[in-house]
Amino acid sequence: MDITQSRIIVTGGASGLGAACAAHFRALGARVSVFDLKAEGQDAYAVDVTSEDDAARAVAAAAHAMGGITAAVNCAGIATGARTVGRDGPHDLGLFRKTIDINLVGSFNIARLAAAEMAKNTPNADGERGVIVNTASIAAFDGQKGQAAYAASKAGIAGMSLPMARDLAGLGIRACAIAPGIFLTPMLEGLGQEIIDGLSADVTFPKRLGRPEEFAQLAAFIIGAPYLNGETIRIDGALRMQ
Ligand SMILES: NC(=O)c1ccc[n+]([C@@H]2O[C@H](COP(=O)([O-])OP(=O)(O)OC[C@H]3O[C@@H](n4cnc5c(N)ncnc54)[C@H](O)[C@@H]3O)[C@@H](O)[C@H]2O)c1
């Protein structure tokens, strides 16, 4: 899929990895619609990705405004932390459900609706009608203490790459996921330099946190690479958490 001609939904596009994707895709010439809880600026839609109504309305509006949808990049998500049994007792079940709902169900909600719009596209020379890119995490594979909910949500994302690719193959739509290591986004910036230095020390090379633009480069590469499908790709400086 030629990214310069693409019409792309980016969820979570108001901050961090999603904002970097929106900026990078626009710089490459793509048309971008940002879906986030707060809509600010042109081509931004106020969407709670877990809501069927919000998502259906916004996907239809974005398709209308952009003249169709050729890619959807799901970056909306939350990071939660709590142990299965902590000092205050068992893990809050509502928090577990909320984490799965936003990170996993929300991504699938946008993917299914965007794919239905992509199915209306005329295929390109490679037979492609669209591309879905979801955001997992290395926590999908090496979850840490306190990450049962977050890791489960991200393992769900990794697990659906292949079946989604298989489901959508007949429509000429690819599906991949990116599993980032630790990236310097507003979520992380609040931790302070000492903690950031500590996290960077565990990265194999380069010994620093990921830059959001590096995530955006990979997302753009996936959109442009027709033979990349059904895979979850790590981008983590070879970081392997204990
Ligand atoms: N930063 C990292 O190190 C890192 C590592 C691995 C995975 N990830 C994943 O990457 C994604 C982006 O993370 P980030 O670091 O850019 O975080 P971030 O907090 O900077 O951005 C997340 C965005 O998602 C939006 N959002 C949250 N809930 C939403 C909802 N229900 N509906 C619509 N929008 C919603 C927020 O408003 C925010 O703008 C997340 O899925 C996160 O789990 C991040």
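Two residues are in contact if their C-beta atoms, placed from the backbone, lie within 7 Å.

## Contacts of Cys 21

The structure described here is a predicted model. With its neighbours within four places in sequence left aside, Cys 21 is in contact with Val 10, Gly 13, Val 73, Cys 75, Ala 216 and Ala 219. Two of the elements treated below appear among these partners: Val 10 falls in strand 1 (residues 7–11), and Val 73 belongs to strand 4 (residues 71–74).

## Nonpolar core

The largest nonpolar core comprises 68 residues, of which Cys 21, Ala 114, Ile 132 and Ala 219 touch the most other members. Helix 5 (residues 148–168) gives the most to this core, with 8 residues.

Cys 21 and Ala 219 both appear in that group of four, and these two residues are also in contact with each other.

## Strand 4 and its partners

Strand 4 is covered on both faces. Ala 71 and Val 73 are buried on one side, and Ala 72 and Asn 74 are buried on the other.

Strand 4 pairs with strand 1 in the parallel sense, over 4 bridges; in this pairing Ile 9 stands opposite Ala 72. Strand 4 also pairs in the parallel sense with strand 7 (residues 130–135), again over 4 bridges. There, Ala 72 stands opposite Ile 132, a residue already named for its place in the largest nonpolar core.

## Surroundings of the ligand

The ligand has 30 residues around it, and Gly 12, Ser 15, Gly 16, Gly 77 and Thr 185 come nearest. By character, the shell divides into 16 nonpolar, 12 polar and 2 charged residues.

Helix 1 (16–27), helix 3 (93–118) and helix 6 (186–189) each supply at least two residues of this shell. Gly 16, one of the residues that come nearest to the ligand, lies at the start of helix 1.

## Overall fold

The secondary structure of the protein chain amounts to 8 helices and 9 strands. Along the principal axes, the C-alpha atoms fill a box of roughly 55 × 40 × 35 Å. The radius of gyration is 17 Å, which agrees with the value near 18 Å that a compact globule of 242 residues would have.

Of the 242 residues, 43% count as buried. Among contacts with a separation of 6 or more, 71% are accounted for by residues 24 or more positions apart.

Notes: Residues numbered from 1 in each chain as written. Predicted model: local features only at pLDDT ≥ 70, side-chain atom pairs only at ≥ 80, totals over all residues. Core = buried A, V, L, I, M, F, W, Y, C linked by C-beta atoms within 7 Å. Buried ≥ 20, exposed ≤ 12 C-beta atoms within 10 Å, placed from the backbone. Near = placed C-beta within 6 Å. Nonpolar A, V, L, I, M, F, W, Y, C, P; charged D, E, K, R; others polar. Pairing = 2+ DSSP bridges. Rg over C-alpha atoms; globule rule 2.2 N^0.38 Å.
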